[in-house]
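Okay, thanks for coming, everyone. Let me put this one up on the screen and walk you through a few helices.

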Amino acid sequence: MTEAAADALLAARPFETMLEVDSVLAGAALDETTRENIYRALWKPIDLNTAAGEEILLIPNVGERMEHEFEEYRPYTDMAQFRREIGKYVDEAEVERLARYVEIRG
């Protein structure tokens, strides 16, 4: 991460969504790989039941197909349901990786 990107993130806090974080990072002219590495370190878990599709797509290595699967099973009642449903499409290691980026609020 560049010093300018770090300064921009600090100045823009607090963030309500990862879309807000992404907009700051987009203005920092970082390449996609650098942004994905930053997301892995600074990710604020998104709510499975309310996250916009654009926010789901910010999860590293999630494409439109997986975004659809995330949204298809709403509303989620617990993380066990998420693991069970998404586990139909990816292996257990990938389910656990994805689970780090999501939560169920309220």
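Leaving aside its neighbours within four places in sequence, which residues is D22 in contact with? Quick caveats before I answer. This is a predicted model, so local features need pLDDT of at least 70, side-chain atom pairs count only at pLDDT 80 or more, and totals for chains, interfaces and linings use all residues. Residues are numbered from 1 along each chain as its sequence is written, and side-chain values use heavy atoms, with hydrogens and water left out.

Right, D22: its partners are R35, Y39 and L58, where contact means heavy atoms within 4.5 Å. D22 sits in helix 2; helices here are DSSP runs of H or I, at least four residues, numbered from the N terminus. D22 counts as buried because its relative accessibility is 14%; buried is under 20% relative accessible area, exposed over 50%, partly exposed in between, with a 1.4 Å probe and protein chains only.

On to helix 3, residues 32-42, where R35, E36, I38 and Y39 are the buried ones. They're on the same side of the helix because they cover an arc of only 160 degrees around the axis, taking the directions from the helix axis to the C-beta atoms. That buried set packs against helix 2. Turned away from it, the other face carries exposed T33 and A41.

Last bit: helix 1, residues 3-12, passes helix 2, residues 18-27. Who makes that contact? A8, L9 and A12 from helix 1, with V21, V24 and L25 from helix 2.

Technical notes: Axes fitted to C-alpha atoms, helices over the stretch in contact; angles between N-to-C directions. Helix = DSSP H or I, 4+ residues; strand = E, 2+ residues; numbered from the N terminus.
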